[in-house]
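Colleague: I have a structure to go through and would like some help reading it. Could you put it up?

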Number of protein chains: 4
Amino acid sequence: MPTATLLISAPDRPGLVAAVAGFLVEQRANIVHADQHVDPSVGLFVQRVEFDLDGIDTDHLADAFAPIATSHGMEWVLHRSDASPRVAILASKQPHCLVDLLGRWGGGELPGSPELVISNHPDHEAIVGHYGVPHHHLPITPASKDEQEAAMLDLLDGHRIDLVILARYMQILSPTVVDAYPGRIINIHHSFLPAFAGGRPYHQAHDRGVKVIGATAHYVTADLDEGPIIDQDVTRVSHRDSVHHLVAKGRDLEKVVLARAVRLHLERRVLIVGGKTVVFD
Amino acid sequence: MPTATLLISAPDRPGLVAAVAGFLVEQRANIVHADQHVDPSVGLFVQRVEFDLDGIDTDHLADAFAPIATSHGMEWVLHRSDASPRVAILASKQPHCLVDLLGRWGGGELPGSPELVISNHPDHEAIVGHYGVPHHHLPITPASKDEQEAAMLDLLDGHRIDLVILARYMQILSPTVVDAYPGRIINIHHSFLPAFAGGRPYHQAHDRGVKVIGATAHYVTADLDEGPIIDQDVTRVSHRDSVHHLVAKGRDLEKVVLARAVRLHLERRVLIVGGKTVVFD
Amino acid sequence: MPTATLLISAPDRPGLVAAVAGFLVEQRANIVHADQHVDPSVGLFVQRVEFDLDGIDTDHLADAFAPIATSHGMEWVLHRSDASPRVAILASKQPHCLVDLLGRWGGGELPGSPELVISNHPDHEAIVGHYGVPHHHLPITPASKDEQEAAMLDLLDGHRIDLVILARYMQILSPTVVDAYPGRIINIHHSFLPAFAGGRPYHQAHDRGVKVIGATAHYVTADLDEGPIIDQDVTRVSHRDSVHHLVAKGRDLEKVVLARAVRLHLERRVLIVGGKTVVFD
Amino acid sequence: MPTATLLISAPDRPGLVAAVAGFLVEQRANIVHADQHVDPSVGLFVQRVEFDLDGIDTDHLADAFAPIATSHGMEWVLHRSDASPRVAILASKQPHCLVDLLGRWGGGELPGSPELVISNHPDHEAIVGHYGVPHHHLPITPASKDEQEAAMLDLLDGHRIDLVILARYMQILSPTVVDAYPGRIINIHHSFLPAFAGGRPYHQAHDRGVKVIGATAHYVTADLDEGPIIDQDVTRVSHRDSVHHLVAKGRDLEKVVLARAVRLHLERRVLIVGGKTVVFD
């Protein structure tokens with residue numbers, strides 16, 4: 001059965017939970033999951049409430065909720081689980097994250113749907129085509145970057161994309177692109193940030209002699225590698241692991257962590273609060 | 001500031017969250033944490049709400065809540081964080097869990113207070129004494145088990161114990177003891193249950209050639225090693241690890257997992273539902 | 001540069017390391033990795049030595065090593081890294097392990113080559129075909145099992161298969177098949193064995209209320225779920241995870257653990273000793 | 001039975017393994033463990049060989065090995081397991097690492113022996129005394145640092161200390177102290193280095209919103225937090241974890257990781273190669 005998810009943030013004050021819960025009782029909405037969190041450092045209350053859509057008219061419900069939200073200073077958004085988010089994947093030479101994501105949609109593991117893949121290399125056109133997804137090859141050079149990004153934005157806009165995934169895209173997006181999709185671009189960085197930000201993190205990790213390596217999925221912001229972290233994971237390594245081994249072990253982390261972050265976002269489980277995420281998993 | 005924690009379970013139906021939240025608004029109770037869960041397999045709603053005690057008379061609040069709870073079929077209990085739970089530790093020859101727990105209370109890491117240690121060996125009397133906790137040496141033989149347990153129950157009763165911790169106690173408690181403290185005896189089993197239930201789990205793990213070993217903290221019930229699991233953790237092992245190494249690695253798991261379970265219980269974060277736990281962490 | 005790998009097992013006695021190392025010095029073989037292990041419980045010495053093939057004639061080297069091996073009671077095998085092992089994948093309805101393995105070979109992550117896929121369902125024919133691998137649909141019913149397995153053995157034999165991977169194949173192989181590929185069939189079981197052996201392990205895990213779930217890659221033997229374990233991994237779960245969530249989390253474990261075990265086997269890093277594995281990673 | 005451990009490093013060239021193994025055969029030494037590693041980036045071969053002391057005169061053996069070592073350009077050291085290393089622990093206000101280490105020696109978990117505890121606070125004198133270890137209270141102020149460190153060096157020297165453990169000592173040692181114990185001072189840093197080097201790492205981690213926190217045991221060098229890493233571990237955290245919770249979760253990591261590093265060092269399993277460690281575990 002489809003559900004609706006209400007994401008709320010508001011200045012913390014008594015009565016918020018009661019206001020929302022009382023409203024949903026009145027609307028005869030059957031809550032299936034509810035979670036909330038108060039961040040005392042910024043005095044913010046955030047909540048995620050998921051309820052069955054059975055017999056509920058969400059337009060009517062939204063109209064009825066608006067004055068309650070206003071009176072409590074709430075920002076809110078209502079998502080229907082049957083409104084499938086439209087996703088674009090940006091890729092480059094490395095296939096593992098791209099192919100893993102496509103395989104997950106192919107196997108019914110992820111909500112939403114991949115609407116297009118944009119790559120600055122032509123290598124993965126066949127596998128993308130196999131999954132029935134349009135593939136756009138947009139090569140990029142320092143000279144052509146503006147032009148390439150303009151073409152990219154046209155495609156994203158034309159396909160009414162809700163979420164952009166950087167599946168080891170390896171290019172830094174200019175602020176124009178980032179600003180067009182605030183909180184809607186997810187990147188996978190191949191280290192446990194903030195360690196080894198920047199380029200060649202596996203080389204950095206090898207040089208430092210760490211005993212764990214990691215991967216970090218985060219929202220892209222203007223500050224490179226500084227965006228809100230959605231998920232991270234790590235694996236043990238030893239002196240036996242060359243850079244080549246770290247890269248190989250890292251691939252498994254990257255694809256699993258990226259897919260988890262994508263799922264969390266698409267299931268409307270992530271809110272951004274003060275440069276960090278609240279993940280209602 | 002001290003807080004109060006309300007633990008609720010009830011047959012799931014619409015309006016439960018609203019009823020509790022509305023009541024607490026009326027009582028001018030400032031909620032600091034709230035979490036809830038519905039177990040669809042048994043149709044049960046469980047909730048944990050923690051609120052500041054500032055200006056709240058909990059006796060009055062309890063009286064006011066009782067009719068609301070009754071009308072919704074709720075079972076509930078109210079704990080004050082300033083009412084320190086009284087803990088007994090049962091130990092045997094191995095010191096690591098016992099010493100670790102005492103060190104945590106010594107360092108202010110755990111709520112509640114250790115009121116007595118009962119051991120069937122005299123070895124740890126000095127370290128227990130160092131922490132100012134009474135130590136009772138109750139040796140046990142097959143012949144003296146009934147008598148030993150009767151003495152133990154007298155001590156637990158005399159000290160008005162709220163929680164009994166089996167810190168590698170190595171003896172099977174008879175139903176008389178288990179039934180006297182339902183949901184209030186925590187054991188640490190040195191395997192990731194249900195693997196290697198019963199005796200000598202590290203030997204079993206070595207014989208089977210597993211690549212991870214674990215530890216499990218669970219409530220003690222009449223069925224040995226079958227009680228509700230509170231927490232588990234594992235660590236990687238390899239062919240290089242002899243049984244001796246497994247025992248050594250396992251000790252670190254045992255003490256950390258047991259201490260986590262004890263903290264979760266004492267912070268009133270655990271509810272038992274249908275032979276399993278809900279842990280609001 | 002290609003390498004050769006010598007895998008040795010012998011009754012433990014002094015001088016084995018010196019004998020092998022001395023021999024390789026004489027042969028002017030440049031050792032790039034060496035590892036050894038003694039299992040005291042069975043008195044067995046096992047060793048893995050990898051050396052550059054630069055200027056080495058492995059036929060000549062094998063001839064020269066044979067008398068040394070005989071004099072020390074060694075069983076041994078010599079693998080060249082440029083002799084690509086031939087792999088068959090057995091699959092059923094669930095695609096995630098199959099697709100993940102194909103993607104890894106497609107991305108150059110794994111040694112060897114997938115020579116054929118045999119499935120009792122036709123669903124994955126297109127994706128297998130995309131990777132240029134022959135796909136054979138061999139449906140199976142209780143009545144047709146003997147016939148299906150005979151056809152399977154014909155295919156495996158005809159393709160001179162070195163390794164058979166059960167990628168969530170969901171069928172129990174009869175002893176005839178198992179005995180034809182001793183130590184050369186790898187299965188992924190969707191639990192941390194020996195917990196939850198048998199069917200529906202995620203349902204079992206959910207019923208028991210465990211706080212970690214796992215996956216186990218093992219060699220297939222006549223005793224179901226009892227074969228030597230190659231690798232295992234786990235992930236944390238909570239009361240929030242329904243069986244559906246456990247299945248989803250488990251998929252990520254299954255594919256990563258299975259791929260690790262396949263890589264370890266194909267890189268000649270695994271020896272079977274007394275029902276367990278020695279993994280020289 | 002006691003053993004001896006030979007730690008060797010040498011410029012990599014063919015024949016090193018054969019030379020050592022051949023020598024030990026001649027000496028009739030029964031190897032119980034051997035491991036080696038080549039770091040191709042610096043062209044260095046390192047090896048750890050452990051053999052039974054049964055009937056072996058180590059002085060004689062060392063004399064016999066010296067010319068072989070010289071001819072291969074080896075640096076080497078021979079440790080007897082029955083020569084118990086002498087350990088000093090430096091502590092400050094936080095007790096958890098200190099008390100954990102003392103409990104491990106008390107329970108027979110660690111080789112070597114704690115010979116003295118030096119603390120800049122008097123708080124832990126009683127528990128240190130309980131374990132029969134001399135406690136020296138050396139307060140420190142910016143003005144008295146030189147004097148305090150001189151007194152400390154006198155104590156370390158007077159007790160012929162082999163290993164110094166900084167058990168959350170919280171003071172930066174001056175180069176004079178560091179240089180006096182090269183590769184023989186182990187610190188625990190409360191983050192997964194190189195993330196959150198410097199002060200208040202849990203606050204930094206909370207501000208950044210990471211989803212894993214860690215701890216790092218490393219040798220102390222002149223460059224703060226830059227010394228060779230011996231071991232690291234991490235645990236998952238979420239938006240629910242305040243700084244206070246991170247500190248609490250981190251304590252369990254700190255004490256386990258520090259104890260592992262201490263054990264590895266005392267069992268002579270760690271070599272320092274080019275600013276990194278080789279850990280033969």
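**Overall form of chain A**

Modeller: Chain A has a radius of gyration of 20 Å (taken over C-alpha atoms), which agrees with the value near 19 Å for a compact globule of 281 residues; the globule rule is 2.2 Å times the number of residues to the power 0.38. This is a predicted model: local features need pLDDT of at least 70, side-chain atom pairs count only at pLDDT 80 or more, and totals for chains, interfaces and linings use all residues. Residues are numbered from 1 along each chain as its sequence is written, while chains are lettered from A and ligands numbered from 1 in the order in which they are written.

Colleague: What does the C-alpha trace of chain A span along its principal axes?

Modeller: About 60 × 40 × 35 Å.

Colleague: And how many helices and strands are in chain A?

Modeller: Chain A has eight helices and 13 strands. These are DSSP runs numbered from the N terminus, with helices being H or I of at least four residues and strands E of at least two.

Colleague: Switching topic, how many residues does the contact take from chain C and from chain B?

Modeller: Chain C gives 23 residues and chain B gives 23 residues, where contact means C-beta atoms, placed from the backbone, within 7 Å.

Colleague: Which elements of chain C give two or more residues to that side?

Modeller: Strand 10 (212-219), strand 11 (229-236) and strand 13 (276-279) of chain C do.

Colleague: Why do the copies meet through the same surface?

Modeller: Because 100% of the interface residues of chain C are also interface residues in chain B.

Technical notes. Two residues are in contact if their C-beta atoms, placed from the backbone, lie within 7 Å.
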